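Colleague: I would like to learn how helix packing and enclosed space are read from a model, taking one feature at a time. Could we begin with the structure itself in view?

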Amino acid sequence: MLIGTAPQGAPARPAGEPGQEERVAARVAELEHKLGDPTDETNEVSYTRLLQDDEAGKISVAGERILDEAVLNADFVPRAEGGRLERIDTLVRVMRSVFRRDVALGLGYGVTSFMAGVNVWTEGDADQRARFARILLDGGKVSVAYHELAHGNDFVRNEFEARPQDDGGFLLHGEKQVINNADRAAAWVLFGRTNPAPGSRSHSVFFAERDGLDASTYRVLPRYDTVGVRGCHLTGLHFDDTPLPASALVGETGKGVELALRAFQITRSAVPGMALGATDTSLRTVVRFALGRQLYRKSVMDIPHAKATLSAAFLDLLISDSLSLAATRAVHLLPEETSVYAAATKYLVPKLLTEAMHELSIVLGARFYVREGEFGIFQKHIRDLPVLSLGHAGSAACQATIIPQLPRLARRAWFTDDPAPAGLFRLRDDLGEIPFGELTLASGRDRLSASLLAAIDELPSGSPEERVVHGIALKMMDELRQLQEAGSTLAPEDRTALASPATFALADRYTVLLAAASVIGVWQQARTAEDPFLADPAWAAAALHRLARRLGQTPPELPAAAEARVHEEVLRRFHDRTSYDLYDTPLAG
């Protein structure tokens, strides 16, 4: 490729200007350097200091100061508005540096602002986008308020009101609960009822700046005590007929549900991938324990079960990152299909990571319960991580997003769609700007699954590992055929959030198929890349073996050489201090 040119859909750049990959690699390296070695107890954001803050129920002051100095908020603001945000997958990579140290710092410092911002970047007018960007670039925070405890994930039934007034403005009335940073945010993105009638056209989204509100008409509710992310400022807001100008309305009146669901497509794709950083740290912590702990005159690492558990956790990270990669890049490349991929990622990735943490805790043994010292960070991460599966985008809500789409996918997409573009699986290829306006609620297409089917005729089968990949791909095709049959005959009552457990199980199996398609796609594209591990069929065979067993299949036997190769990589990355995701990124400590 000539200097100054870019792949189709990606912006051209002047000769000599760093490309997207160079920018994100430099940004990750910068954050790793500024945050420092978390195992160094003299570091003001060491694991020891972060654990002390967690015990005190406060967010790391030093951590927030460092992120302020690094202007992390700029990573949540599109480049067109003066920030650094250009790709969702690269934002995920940047945020892993924060999440691997402290989930509460990642959520509490800025991810909430990102979640709020997506609504404004998607439907806000030029003035709203500029004002939102200025708040963040000046170091402020913005909260997003969907939640009402009485209605859980069913936010269409929310009662919080934004009553339209004759002058075009609104009156805010009611409460929002469990809002991160509501007490210290410069503004709130609020989801409110603008019409008392039932249905999805009765809600709207508002960008309410604190400075413009009558302080005598609202109050911040007391802070909630939580088991996980104890440093996060989780509070609520109570409004008593608070006037809000017409200029606060984001998009059109009555289009709030549609806007929220489109915004979820980006946040559901991104946040689970950020959380890989926490499980990366947990795996690294247990590897350190296993290498240093003697048991039965051997190191714990020499015990076959412990060795297999560590390798399995590594594979779960690679599987999760493969699905996360496909979902985040789909925002750019397949925006009309992102709804189902985002929901699948938000459902399956936290599930895989939480299960991996549980298995790792068994290897750690009694030290799993210790909340301080060398292994204390594991206990914090295992408490913090499940928070990502809760809230307005919880597991059941994500399955409920997938279920209504199954019949249409079964009839129109599976076994007929064209495969996804190769760029969906290429880790470092450039992408165009985020097409906020092109996201749709459902399309009836699924080119990710089509990539799995197309790969079957292209997969090599020379080595034992390659034959395992090919054999499992065939089994996954059979699984998709069964899913097609079941999905096309779903009864009307099984196409809603009140569907039967069996239908929810179909959604679960579908997410595993999407993960398998992602793994195969990543390996196919990596075979000609520079990373020798990702080019090796060993990891793909082992990852697919795990997914096949998750579906209850009996996959071809995994060659011992594949298991050995995966374990060897676990040790290499530990000693080389590189990340346990697809990127093998150098880490500070």
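**Helix pairs and cavities**

Colleague: Are helix 16 and helix 18 roughly parallel or roughly antiparallel to each other?

Modeller: Helix 16 and helix 18 are roughly antiparallel, a label given to angles over 145 degrees, whereas under 35 is roughly parallel, 65 to 115 roughly perpendicular and the rest oblique. Their axes cross at roughly 175 degrees and come within 10 Å, where an axis is a line fitted to C-alpha atoms over the stretch in contact and angles run from 0 to 180 degrees between N-to-C directions. Helix 16 covers residues 501–526 and helix 18 residues 537–550, both being DSSP runs (H or I, at least four residues; strands are E, at least two) numbered from the N terminus.

This is a predicted model, in which local features need pLDDT of at least 70 and side-chain atom pairs count only at pLDDT 80 or more, while totals for chains, interfaces and linings use all residues. Residues are numbered from 1 along each chain as its sequence is written, and side-chain values use heavy atoms, with hydrogens and water left out.

Colleague: What classes of residue make the contact of helix 16 with helix 18?

Modeller: There are 13 nonpolar, no polar and one charged residues, where Ala, Val, Leu, Ile, Met, Phe, Trp, Tyr, Cys and Pro count as nonpolar, Asp, Glu, Lys and Arg as charged, and the others, Gly among them, as polar.

Colleague: At what angle do helix 5 and helix 6 pack?

Modeller: Helix 5 (residues 103–123) and helix 6 (residues 126–137) pack at about 160 degrees with their axes 10 Å apart, and are therefore roughly antiparallel. Their contact (heavy atoms within 4.5 Å) includes Ala 116, Val 120 and Trp 121 of helix 5 with Phe 132 and Leu 136 of helix 6. By class, this contact has six nonpolar, three polar and one charged residues.

Colleague: Which residues of helix 10 meet helix 12?

Modeller: Ser 339, Val 340, Ala 343, Ala 344, Lys 346 and Tyr 347 in helix 10 meet a set in helix 12 that includes Cys 398 and Ile 402. Six nonpolar, four polar and one charged residues make up this contact. Helix 10 (residues 338–364) and helix 12 (residues 395–402) pack at about 150 degrees, their axes 8 Å apart.

Colleague: How many cavities are there of 30 Å³ or more?

Modeller: Rolling a probe the size of a water molecule over the atoms shows where empty space is left. A cavity is a set of points, on a 1 Å grid over the protein atoms alone, where a 1.4 Å probe fits but cannot get out, and lining residues have an atom within 4 Å of a point. The count comes to five cavities of 30 Å³ or more, and the largest holds about 150 Å³, a volume being the space filled by probe spheres set on the points, which are joined across faces, edges and corners.

Colleague: What lines the largest cavity?

Modeller: The lining has 16 residues, of which Arg 93, Arg 96, Ser 579, Asp 581 and Leu 587 lie nearest the centre. By class, six are nonpolar, four polar and six charged. Helix 1 (20–35), helix 4 (88–99) and helix 8 (276–292) each supply at least two lining residues.

Colleague: Which helix gives the most to the lining of the second largest cavity?

Modeller: Helix 8 does, with four residues. The second largest cavity holds about 40 Å³, and its lining includes Tyr 47, Arg 100, Arg 284 and Arg 288.

Conventions. On a 1 Å grid over the protein atoms alone, a cavity is a set of points where a 1.4 Å probe fits but cannot get out, and a pocket is an open set with protein on both sides within 12 Å along at least five of seven lines; lining residues have an atom within 4 Å of a point.
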